[in-house]
Amino acid sequence: MSLPKYLISRVFLIQVFLAVLIIAVLGYLFMHWLTFTTDHGNEITVPNLSKLTEEQVEEKLDDLDLSYVLLDSVEHKSDYPKYSVVQQDPLPGEKVKVGRKVYIKINSSGFSSVKIPELVGKTYREAAPTLRALGLEEGTITYVPNLGKDMVLEMRYKGRNMKAGDKVLKASKIDLVLGDGKMSYEEEIRTDSIATPTEEMPNEQ
């Protein structure tokens with residue numbers, strides 16, 4: 001049989017039909033497998049895990065076919081409960097696939113302690129950022145008569161005088177006693193007495 005006749009023969013056409021059918025079936029099966037393995041079109045919205053405990057996180061993610069990985073704890077934050085979630089990745093509201101891991105960081109159990117820096121003799125503008133840099137907070141500011149205007153004269157914590165090197169918990173409020181730039185009443189009297197000498201009365205003979 002010549003080639004042109006074979007190409008239009010019934011046998012050749014049946015073979016072409018079967019080949020196309022097999023390719024179509026294999027293509028369908030491959031797409032079906034791909035959709036199943038990637039879970040195409042079945043995305044889950046990541047919930048907000050903020051301030052939840054590990055147990056609550058596990059329960060919530062299990063219901064959504066998600067899992068979690070605890071990375072580590074972060075420095076204690078007073079506005080979060082102890083051992084609660086402070087950070088998460090992916091963020092709340094993001095779309096993920098089934099089985100995706102959510103990475104979390106939890107709040108530590110309490111504040112760590114820090115040493116009070118030497119602030120006496122420094123100005124308020126120097127002292128305030130130094131406190132914040134160490135995780136401490138500025139407490140009550142009190143002014144007393146002293147020529148050193150806005151100069152730190154004392155550091156206090158809960159009514160107690162503190163010195164450099166004393167330890168307090170982070171986020172503690174340190175009260176500062178500052179000079180008001182004015183002389184005290186006693187100094188004014190002393191200055192006046194020195195500046196105005198007394199006159200001696202002549203002796204009468």
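## Salt bridges in a predicted model

Lys-163 is exposed, because its relative accessibility of 55% lies over the 50% cut-off. This is a predicted model, and in it the Lys-163 side chain meets that of Asp-166 in a salt bridge, with 3.4 Å from N to O. That distance counts because the rule asks for a nitrogen within 4 Å of a carboxyl oxygen. By this rule, the count comes to three salt bridges.

Here they are side by side:

| Acidic residue | Basic residue | N to O distance |
|---|---|---|
| Asp-166 | Lys-163 | 3.4 Å |
| Glu-154 | Arg-156 | 2.9 Å |
| Glu-43 | Lys-97 | 3.8 Å |

Let us take the Glu-43 pair next. Which parts of the chain does the bridge from Glu-43 to Lys-97 link? Its side chains meet at 3.8 Å, N to O, and the pair links distant parts of the chain: Glu-43 belongs to strand E1 (residues 43–45), while Lys-97 belongs to strand E4 (residues 95–97), 54 residues apart. Glu-43 has a relative accessibility of 46%, so it counts as partly exposed. Lys-97 is partly exposed as well, at 34%.

Now for Glu-154 and Arg-156, whose side chains form a salt bridge at 2.9 Å, N to O. Are these residues buried or partly exposed? Glu-154 comes out as partly exposed, with 29% relative accessibility. Arg-156 has a relative accessible area of 31% and is partly exposed too. Both values fall in between the cut-offs of 20% for buried and 50% for exposed, which means that neither residue is classed as buried.

Note on methods:
Residues numbered from 1 in each chain as written. Predicted model: local features only at pLDDT ≥ 70, side-chain atom pairs only at ≥ 80, totals over all residues. Heavy atoms only, no water. Helix = DSSP H or I, 4+ residues; strand = E, 2+ residues; numbered from the N terminus. Buried < 20%, exposed > 50% of the residue type's maximum accessible area, 1.4 Å probe, protein only.
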